[in-house]
Amino acid sequence: MIIDEGFSDAYREHGWHVYKRCLGILKNEAEARDACQDVFVRLLEDWPSIRDSHSITRWTFRVATNLCIDRLR
């Protein structure tokens with residue numbers, strides 16, 4: 001799979017914020033890294049439909065929150 005520049009930019013722009021969100025919920029660095037990676041795998045899968053930068057911010061935070069809550073269950 002070829003990753004376009006837009007996805008790379010999204011990771012550079014949002015990666016740290018998503019990680020901090022996951023860490024804030026999970027309180028565990030390793031779990032937060034795993035959850036952050038899962039968020040960006042899902043983003044890559046949905047990338048063709050989520051290219052708007054405002055949508056990316058909302059989408060990544062919503063998915064990060066939901067993934068972390070699921071991990072806590």
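Colleague: Which helix is the place of Asp70?

Modeller: Asp70 sits in helix H3. Bear in mind that this is a predicted model.

Colleague: What makes Asp70 partly exposed?

Modeller: Its relative accessible area is 47%. The partly exposed class runs between the 20% and 50% cut-offs, so with 47% Asp70 goes in there.

Colleague: And how far apart are the C-alpha atoms of Asp70 and Lys27?

Modeller: They are separated by 14 Å, with the two positions 43 residues apart along the chain. Lys27 comes just after H1 and takes a positive phi of about 60°.

Colleague: Staying in H3, how do you know whether Thr60 is buried or exposed?

Modeller: Thr60 belongs to helix H3 and has a relative accessible area of 0%. Buried means under 20%, so Thr60 is buried.

Colleague: What is Thr60 in contact with, leaving aside neighbours within four places in sequence?

Modeller: His14, Val18, Val39 and Leu43, once those sequence neighbours are left aside.

Colleague: Now Arg71. Why is its pairing with Asp38 called a salt bridge?

Modeller: The N to O distance between the two side chains is 2.5 Å. The cut-off is 4 Å between a Lys or Arg nitrogen and an Asp or Glu carboxyl oxygen, so the pair qualifies.

Colleague: Which helices does that pair link?

Modeller: Arg71 is in helix H3 and Asp38 in helix H2, 33 residues apart, which makes this a link between distant parts of the chain. As for accessibility, Asp38 is partly exposed at 29% and Arg71 is partly exposed at 30%.

Colleague: What makes Glu31 and Arg71 a salt bridge?

Modeller: Their closest N and O atoms are 3.0 Å apart, and 3.0 Å is within 4 Å, so the pair counts. Distant parts of the chain are linked here too: Glu31 is in H2 (residues 29-46), Arg71 is in H3 (residues 53-72), and they are 40 residues apart. Glu31 is partly exposed, at 32% relative accessibility.

Colleague: How many salt bridges does a search of the whole structure find?

Modeller: The search turns up 5. One of them joins Arg12 to Glu5, with the closest N and O atoms 3.0 Å apart. There is also a network of salt bridges linking Glu5, Asp9 and Arg12.

Colleague: Why is Arg12 called exposed?

Modeller: Exposed starts over 50%, and Arg12 has a relative accessible area of 54%, so it makes the class. Glu5, at 53%, is exposed as well.

Colleague: How many disulfides are found in the whole structure?

Modeller: The count is 0. Cys22 is in no disulfide, and its nearest cysteine sulfur, in Cys68, is 3.5 Å away.

Colleague: Why is there no bond between the sulfurs of Cys68 and Cys22?

Modeller: The cut-off for a disulfide is 2.5 Å. With 3.5 Å between the two sulfurs, they are too far apart for a bond. Cys22 is buried at 0% relative accessibility, and Cys68 is likewise buried at 0%.

Colleague: What else is Cys22 in contact with, apart from neighbours within four places in sequence?

Modeller: Besides Cys68, its contacts are Lys27, Ala32, Ala35, Cys36 and Ala64.

Colleague: Which residues touch the most other members of the largest nonpolar core?

Modeller: Out of 21 residues in that core, they are Val18, Cys22, Val39, Phe40 and Leu43. H1, H2 and H3 are the elements giving two or more residues to the core. The largest share, 7 residues, comes from H1. In soluble globular proteins, nonpolar side chains tend to be buried together.

Colleague: How close is the reach of H1 to what is expected at 1.5 Å a residue?

Modeller: H1 (residues 5-26) has 22 residues and reaches 30 Å from its first C-alpha to its last, close to the expected 32 Å.

Colleague: Where does H1 bend?

Modeller: At His14, by about 50°. His14 is among the buried residues of H1, which also include Phe7, Ala10, Gly15 and Val18. As background, an α-helix has 3.6 residues a turn, so residues three or four places apart point the same way.

How values were computed:
Residues numbered from 1 in each chain as written. Predicted model: local features only at pLDDT ≥ 70, side-chain atom pairs only at ≥ 80, totals over all residues. Heavy atoms only, no water. Buried < 20%, exposed > 50% of the residue type's maximum accessible area, 1.4 Å probe, protein only. Helix = DSSP H or I, 4+ residues; strand = E, 2+ residues; numbered from the N terminus. Expected span 1.5 Å × (residues − 1). Bend = angle between axes of the 7 residues up to and from the residue. Contact = heavy atoms within 4.5 Å. Core = buried A, V, L, I, M, F, W, Y, C linked by side-chain atoms within 4.5 Å.
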